[in-house]
Amino acid sequence: MQRPQKRMTKQRSVILEELSKVRTHPTAYDVYEMVRVRLPRISLGTVYRNLEHLSSSGMIKRLDLGGGQRRFDFVNDDHMHIRCIACGRVDDVVLNQGQGMTTIEEMVGTASGYQVLGCSMEFQGICPRCRTETGRGSGGRSEHHTGTD
Ligand SMILES: [Zn+2]
Ligand SMILES: [Zn+2]
């Protein structure tokens, strides 16, 4: 049963707005720190409840990734994520899929017989920044990559 949707509260719209500005997949605490700039009296519990509400109503995406921390993503389309096991940052993985190419959803649908409605896939790795920090000494003559701009 669905309740009629209530008017969005000021707190909730600020949370949504702040979340829409970043692509860093913040944790509830990160969102709290962002929102607190504009709503100094908001509590972490309020932020958390609003995030849960927004994600259960499909307006944001909740990422239950490895690493123990629940993160939130404003972008509501289906994309994959990659998490750096060194620093914990999470990035979007957007594959360049030309027209007519088989998507992962299609492949999974064919293999499983399901109608695939979405996916939340997580890869793990070492992000470019951590690679340049930890790469020294391990691989010998590893070149310094500066192609991230
Ligand atoms: Zn990293
Ligand atoms: Zn994302």
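This is a short walk through the structure above, from the overall layout to the helices and then to the sheet.

Keep in mind as you look around that this is a predicted model. The protein chain holds five helices and five strands, and along the sequence they follow the pattern α-α-α-β-β-β-β-α-β-α. Of its 149 residues, 13% count as buried. If you look at contacts with a separation of 6 or more, residues 24 or more positions apart account for 45% of them.

A good place to begin is helix 2, which covers residues 28-36. Its buried residues are Ala 28, Val 31, Tyr 32 and Val 35. Seen down the axis of helix 2, these buried residues fall within an arc of 105°, so they line one face of the helix. The spacing makes sense if you recall some helix geometry: an α-helix has 3.6 residues a turn, so residues three or four places apart point the same way. What lies over that buried face? The cover includes helix 1 (10-21), helix 3 (44-56) and strand 2 (70-73).

Now turn to helix 3. Its 13 residues should span 18 Å at 1.5 Å a residue, and the C-alpha atoms at its ends are indeed 18 Å apart, so expectation and model agree. Here the buried residues are Val 47, Asn 50, Leu 51 and Leu 54. Viewed down the axis of helix 3, they also fall within an arc of 105°, so they line one face of this helix. On the other side of helix 3, Gly 45 and Ser 56 are exposed. The buried residues of helix 3 are covered by elements that include helix 1, helix 2 and strand 2. After helix 3 comes Gly 58, which has a positive phi, near 80°.

Where do these buried side chains come together? The largest nonpolar core has 11 residues in all: Ile 15, Leu 19, Ala 28, Val 31, Tyr 32, Val 35, Val 47, Leu 51, Leu 54, Ile 60 and Phe 72. At least two residues of this core come from each of helix 1, helix 2 and helix 3, and helix 2 gives the most, with four residues. Leu 54 is a handy residue to click on if you want to explore this region. Leaving aside neighbours within four places in sequence, Leu 54 is in contact with Arg 12, Ile 15, Leu 16, Met 59 and Ile 60.

Further along the chain you will find a sheet. This is an open sheet of three strands, with the order 4-3-5 and mixed pairing. Strand 4 and strand 5 are its edge strands, each pairing on one side only, and the twist averages 30° from one strand to the next.

Strand 3 (residues 80-84) and strand 4 (residues 90-93) run antiparallel, joined by four bridges. In this pairing, Met 80 has Val 93 as its bridge partner, while the bridge partner of His 81 is Asp 92. The two strands form a hairpin with five residues between them, and Gly 88 in the turn has a positive phi of about 90°.

Strand 3 also pairs with strand 5 (residues 122-125), this time in the parallel sense over four bridges. Here His 81 stands opposite Glu 122. His 81 therefore makes a useful landmark for tracing the sheet, with Asp 92 as its partner in strand 4 and Glu 122 opposite it in strand 5.

Terms used: Residues numbered from 1 in each chain as written. Chains lettered and ligands numbered in written order. Predicted model: local features only at pLDDT ≥ 70, side-chain atom pairs only at ≥ 80, totals over all residues. Buried ≥ 20, exposed ≤ 12 C-beta atoms within 10 Å, placed from the backbone. Arc of directions from axis to C-beta. Contact = placed C-beta atoms within 7 Å. Core = buried A, V, L, I, M, F, W, Y, C linked by C-beta atoms within 7 Å. Expected span 1.5 Å × (residues − 1). Pairing = 2+ DSSP bridges. Axes fitted to C-alpha atoms, helices over the stretch in contact; angles between N-to-C directions.
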